[in-house]
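Student: Please give me a close look at the salt bridges here. I would also like to see how they sit among the strands and the core around them.

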Amino acid sequence: QVQLVESGGGLVQAGGSLRLSCAASGGIFSRYHVGWFRQAPGKEREFAAAISWGGGITSYADPVKGRFTISRDNAKNTAYLEMRSLKPEDTAVYYCAAAPIHQVPSASRDAGRYAYWGQGTQVTVSS
């Protein structure tokens, strides 16, 4: 069973950048697809980006496409979300999640396919 810990959130001005990290422990990281989701105040959790176990397949939600980049380093048991050109509407708690490859065929946009979740990291973008 994998445990996930996010870091790298903070306060940034609009147009700025942040890099979130998702450190995994307790499991073989390469046996999991990874997704990043976010939840803004008063809104439901939504998909942001996902990456397959080996990094060969990535998927992005339309609002972040072209601005966010998801990546992973299986040797370091860590996934990343590089966020550029941040907007106030990107303000949210960002969660990373892991889906076992024997249960989910590839990187998924469906939060229900992810069995393991981190506690989240706050990202606040000021205008």
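Tutor: Happy to, and one cut-off helps from the outset: a residue is exposed when its relative accessible area is over 50%, buried when it is under 20%, and partly exposed in between. Please keep in mind that this is a predicted model. By that scale D62 is exposed, because its relative accessible area is 61%.

D62 is a good place to start, as its salt-bridge partner is K65, with 3.2 Å between the closest N and O atoms. K65 has a relative accessibility of 47%, so this residue counts as partly exposed. A search of the whole structure gives four salt bridges, and the K65–D62 pair is one of them. The general idea behind such pairs is simple: side chains of opposite charge can pair when their charged atoms come close.

Now turn to E46 and R38, whose side chains form a salt bridge with an N to O distance of 2.7 Å. The two ends of this bridge sit in different accessibility classes, because E46 is at 36% and counts as partly exposed, whereas R38 is at 6% and counts as buried.

The side chains of D90 and R67 also meet in a salt bridge, again 2.7 Å from N to O. D90 belongs to the loop between β8 (78-83) and β9 (92-100), while R67 belongs to the loop between β6 and β7 (68-73), so this pair ties together parts that are 23 residues apart in sequence. D90 and R67 are both buried. Through shared partners, salt bridges link R38, E46, R67 and D90 into one network.

Next to the charged pairs, a polar contact is worth a look: the side chains of S59 and R109 are joined at 2.9 Å. S59 is part of strand β6, which covers residues 58-60. With a relative accessibility of 14%, S59 falls under the 20% limit and therefore counts as buried. Apart from residues within four places in sequence, S59 contacts F47, A48, A49, A50 and R109.

From S59, A49 leads us to the nonpolar core, as A49 is also among the contacts of L81 beyond four places in sequence, together with L18, R19, L20, W36, F68, T69, I70 and Y94. The largest nonpolar core has 38 residues, and W36, L81, M83 and Y94 are the ones that touch the most other members. Strands β3 (18-25), β4 (32-39), β5, β7, β8, β9 and β11 each provide at least two residues of this core. Strand β9 gives the largest share, six residues. This fits a general tendency: in soluble globular proteins, nonpolar side chains tend to be buried together.

Y94 also brings us to strand pairing, since Y94 stands opposite T121 in β11. β9 and β11 are antiparallel and pair over three bridges. On the other hand, β2 and β11 run parallel, joined by four bridges, and here G10 is the residue opposite V123 in β11.

Strand β11 (residues 121-126) shows its two faces nicely: T121, V123 and V125 point to one face and are buried, while Q122, T124 and S126 point to the other and are not buried. In a regular strand, side chains alternate between the two faces of the sheet.

On the β2 side, V12 lies within residues 10-13 of that strand. V12 has a relative accessible area of 14% and is therefore buried. Beyond four places in sequence, V12 touches S17, L18, L86, T124, V125 and S126.

Two loop residues round off the tour by their backbone angles. N77, in the loop between β7 and β8, has a positive phi of about 55 degrees although it is not a glycine. S85, in the loop between β8 and β9, likewise has a positive phi, about 50 degrees, without being a glycine. As background, most residues other than glycine have a negative phi. N77 counts as partly exposed because its relative accessibility is 29%, and S85 is partly exposed as well, with a relative accessible area of 42%.

Methods: Residues are numbered from 1 along each chain as its sequence is written. This is a predicted model: local features need pLDDT of at least 70, side-chain atom pairs count only at pLDDT 80 or more; totals for chains, interfaces and linings use all residues. Side-chain values use heavy atoms; hydrogens and water are left out. Buried means under 20% relative accessible area, exposed over 50%, partly exposed in between (1.4 Å probe, protein chains only). A polar contact is a pair of N or O atoms within 3.5 Å; within protein, one must be able to donate a hydrogen and the other to accept it, and residues adjacent in sequence count only if both atoms are side-chain atoms. Contact means heavy atoms within 4.5 Å. Two strands pair if DSSP finds at least two bridges between them. A nonpolar core is a set of buried Ala, Val, Leu, Ile, Met, Phe, Trp, Tyr and Cys residues joined through side-chain atoms within 4.5 Å.
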